[in-house]
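Biologist: Please take a close look at the salt bridges of this protein, with particular attention to how covered their partners are. I should then like to see that part set against the strands and the nonpolar packing of the rest of the chain.

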Amino acid sequence: MNTKMNSCFLKHWILAILLLWPFLKVTENFQDRKTQRSASSTGRAKRGWVWNQFAVPEEMDTRQHVGRLISELDNGNHTFQYKLLETGAGSFSIDERTGDIFAIRKLNREEQSLYILRAQVIDSTTGNAVEPESEFVIRVLDINDNEPKFLHEPYEATVPEMSPEGTFVIKVTANDADDPTTGYHARILYNLVQGQPYFSVEPTTGVIRISSKMDRELQDTYCVIIQARDMLGQPGALSGTTTVSIILSDINDNKPIFKESFYRFTVLESAPSGTSIGKIMAYDDDIGENAEMEYIIEEDDSQTFDIVTDNETQEGIILLKKKVDFEHQSHYGFRVKVKNCHVDEELASAHVNSSSTYIKVQVEDEDEPPVFLLPYYVFGIPEEKPYGSIVGTVSAIDMDRKQSPIRYSLTGSKLFDINDNGTIITTNVLDREVSAWFNLSVLATETYNVQQISSIPVYVQVFNINDHAPEFYQYYETYVCENAEFGEIIQTISAIDRDESIEHHHFYFNHSVEDRNNSSFILRDNQDNTAVILTNRMGFSLKEEPVLSMIILISDNGIPSLTSTNTLTIQVCDCGESASTEMCTKKGLLIMRFKTEVIIAILVCIMVIVGFIFLMLTMKQRRNQILFPKKSEEFGENIFCYDDEGGGEEDSEAFDISELRSSIIMRERKPRKRKSMEIRSLYRQSLLEGPESAIFRQFILEKLEEANTDPCAPPFDSLQTFAFEGTGSSAGSLSSLESIVTDQEDNIDYLNDLGPHFKRLAYMFGSAMQLNN
C-alpha cells in the first residue's frame, strides 16, 4: 500500500511541475523585466528577489518544507533577515536566516487552494529593508481524499404500474469535492447495487429507468440502492451510496367483482320512499379514484328500487324508490351489475363483461291505515243553504285482509260535520261573502285498530247567490255652496256589491219617487257604475237649511236584482266669492281632526284618573296590611260557638251561679218609655252603667283604655263587652239567672214602637204572655 501511495504522489508531483512550469517561466521573465525597468528609471542597477511560485500537496504532515526565498543581494554573510507579513501567519512560517518556508498545519485544498503571501528582507545590521515587499503564491495540490456525496437526499419517485421498459423514473446526482482538473479525482460513475431486475441506472448520468413491468397489486414499493465511484471506478477510487424509494402508482387495470352471487333483503310495506333496504359490496384491487364504483339495477320492470354508492366505503345502498304493497306484490327480484367510474380507453379491454349479482326483496305484511279512493276532494254548495245540507261524500277502505270498518271525523271548520258513511253536511248557514272556500281535513280511522289513521284534504267552495244589495262605495261628505247655480255638479258617487258576479257588476242609480218631485237636487246615471249629483235650483241658505238629504236607489244586475236605499247628506256651505267647496272640505277636515284630538285628550284624562284611583286603592291596601300585620290569627280566635243550650234554672251542675248572683245589685224597675229616642239614650247610658262592683268597673275601664291606645287593635265599634247584660235598659236583664226576682208580668207593648224589626219579637212574647195568663 505504501508503494502504491508513493507512486501516486510521484505522479502528482510530476503532473504539478508540468502544469506550473510555463507559469513559473513567465513569472521569472516578468520579474526580470520589472527589475530592468526599475534600474533604468533610477539610473542605477538594483538587484531583486530570487523567488518562485510554490506548490505543496494537501493533507501533508505539519512542518512540511514548501520552498525558499533568496534575495539577489544576499552574499551569504548571514546579515539579511527574511520575514513573512501577517497574511501568512497561522498556516506558514519562514526561517529568517535562510528564507526557507514551512507549512505549520495540514492544508486542505477544499477549504483553500491558493495562498498569496507577502515577504520582506531586512538588513539585520541596520534594520532597514533591503528590498521592498514582494508577493509570492503557494498552491495546494489536490489528492483524492473526498468520496462522492449525493445531493437532495432522500430520493423518492413515483411511476405508474405496468410501465414499459426504459421508462424514466428519477435522476440521482453525486458531487465530489476534489479538484476536477487533477486526474480523475472528480470523475464519477454510477452503478446499481440493489433493484435488479426491475430497474437500471445509466453509469454516467445517474438516470434510473424501468427494466421490466411491475404490478402494483403484487408489490407497490421498491427500494433501490445506487453507488457512485470517483476516478472512473479505477482501483483506489472512493465511493458513496444512496437509497431511492420508488412507489408504483395505481392504474385502473382491475374491474370490480362481486364475491356474493345472491343477496336477500326484506322491507315493510309501510316503509316510505327513500328507505334503505340493504347494502351490497363489490371488491376492486385498485385504489383511490380507480376503485370508485357505480352500481346499476337491471331487470327491474317495476322501477320500485334504486341503488346509490357510498362514496366512503364504495358499498351499494339499495333504496326504496316508491312504496310497496304486500297485497299487490309480495316479493321482487332483479340483478345489479357494477363497473368503475373512471376507465381510460387504453384499459377498456380489462373492464369488459362487468360482474353482477342477483337481489331478492321480500315484502312483509303490516297493518296499514285506510286508503281514500281519491287523493283529494273538491265539493261545491250554494250559500244560504239550510242546516243539514249535503256537501259531498268521501270514501276510504282498509286494504288489509281483515277489511276493518272505517270511522270518519272532520277538522278545519265547525260549520261542517261528517257521518259514518263519509257524507259531509253543513251545521250552519254558509255565507260566501264571509268565506268563499273552506279547507277541511277528513280523518279515516280503522275500527279494529284506532292507531291506523289516514287523512285527506277536502276543499269546499261556496257558490254565490245574489243576496247582498249594492251600497255606496264609501261615505261621502258632500257640500253645496249657498250661491250655487242651477245644474251644478256637486258630487260623483259609485257603488260596491259584496256578491260575486259571473259577469262584471253593473249598477243602476235612481232618485226615489217620494223625493224626486220636491228635491233640491237631481241624479244623473253615467251608465259606468257612477252617477253625479246636480243642483235642481239656485241659491241655498245656510241659516234656514244647513243640512239637506237625498234618497238614492242603487240596483245591481244579479238574478234576481236587488235594490238598496241610500241617503246622501248634503251640507250647505258659505263658499264666499270663490264659489268652490274646497274651503268647506278643508274646514270639515279641520273639524274632524279637532274632534279626534279632543276624543284622544278625553281618553288620556280618563286613563290618568283611573290610574290615580288604582294607585290610591293600592296604597290604602298596603297601609292596612302594615297596620294589622298579625291580627288575622287573632281575629280567627274571636269565633264563639253557641251550639248548645243550658238546662235552665234546673241545671245547677253546669256552673256555680252563686258567685254571679252575689255580685249583682238588684235594680228597681223603671217605667218604660215608648219613644225610640229615649231607648237610644238609655242604650248609651247602659254603656256607662254596669255592676257596682269596683273590680268589674276597673277591669272594663282598663280594657277600654287598652283598646283605645292600641294602634293595631280592631275598629273600636266592633269591641263587645259581655261582662254584664241588661243593666240600664228599660227592658231589664233578659238573663234567666234573675228570673226568680224579676216581675213575671212585664209589659212588652213597647216592642211594637221599636219598628218593624221588633214586630216578630213582640208577637212571640205577646203570645207567650197570653198562654201564661
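Modeller: A residue is called buried when its relative accessible area is under 20%, exposed when that value is over 50%, and partly exposed in between. The model is a predicted one. By this scale R216, with a relative accessible area of 10%, is buried because its value falls under the 20% limit. E217 has a relative accessibility of 25% and therefore counts as partly exposed. These two residues form a salt bridge, in which the closest N and O atoms are 3.0 Å apart.

R216 also forms a salt bridge with D250, and here too the closest N and O atoms lie 3.0 Å apart. This second pair links distant parts of the chain: R216 belongs to the loop between β16 (207–210) and β17 (221–229), whereas D250 belongs to the loop between β18 (239–249) and β19 (257–258), with 34 residues separating the two. R216 and D250 are both buried.

A further pair is made by R432 and E433, whose side chains meet in a salt bridge at 3.3 Å from N to O. R432 and E433 are each buried. Elsewhere, R118, E133 and E135 are joined into one network by salt bridges that share partners. The structure holds 12 salt bridges.

The strands come next. R118 lies within the residue range of β8, which spans residues 114–123. β8 belongs to an open sheet of 4 strands with mixed pairing, arranged in the order β2-β9-β8-β5. β2 (54–57) and β5 (80–84) stand at its edges; each has a single partner strand, so one side of each is left without a neighbour in the sheet. Neighbouring strands of this sheet are turned by 30° against each other on average, direction ignored. β5 and β8 run antiparallel and are joined by 5 bridges, and Q81 has I122 of β8 as its bridge partner.

R432 and E433 precede β34 (residues 437–446) in the chain. β34 pairs in the antiparallel sense with β31 (residues 406–411) over 6 bridges, among them the one between T411 and S441 of β34. β34 also pairs with β35 (residues 453–463), again antiparallel, over 9 bridges. V442 stands opposite I456 of β35, and the hairpin formed by β34 and β35 has 6 residues between its strands. Strands of a sheet pair through backbone hydrogen bonds, parallel or antiparallel.

The nonpolar packing completes the picture. The largest nonpolar core has 26 residues, and I493, F509, F521, I533 and I552 have the most contacts inside it. At least two residues of this core come from each of β37 (478–481), β38 (489–496), β40 (521–525), β41 (530–535), β42 (547–555) and β43 (563–573). Leaving aside residues up to four places away in sequence, I493 touches several residues, including F472, Y476, F509, L523, I533 and I552.

For the protein as a whole, the secondary structure comes to 8 helices and 43 strands. Of its 773 residues, 32% are buried. Among contacts with a separation of 6 or more, 67% involve residues 24 or more positions apart. The protein exposes about 49,700 Å², of which carbon and sulfur atoms supply 54%.

Note on methods: Residues numbered from 1 in each chain as written. Predicted model: local features only at pLDDT ≥ 70, side-chain atom pairs only at ≥ 80, totals over all residues. Heavy atoms only, no water. Pairing = 2+ DSSP bridges. Axes fitted to C-alpha atoms, helices over the stretch in contact; angles between N-to-C directions. Core = buried A, V, L, I, M, F, W, Y, C linked by side-chain atoms within 4.5 Å. Buried < 20%, exposed > 50% of the residue type's maximum accessible area, 1.4 Å probe, protein only. Contact = heavy atoms within 4.5 Å. Areas by Shrake-Rupley, 256 points an atom, 1.4 Å probe, with all protein chains shown as cover. Salt bridge = Lys/Arg side-chain N within 4 Å of Asp/Glu carboxyl O.
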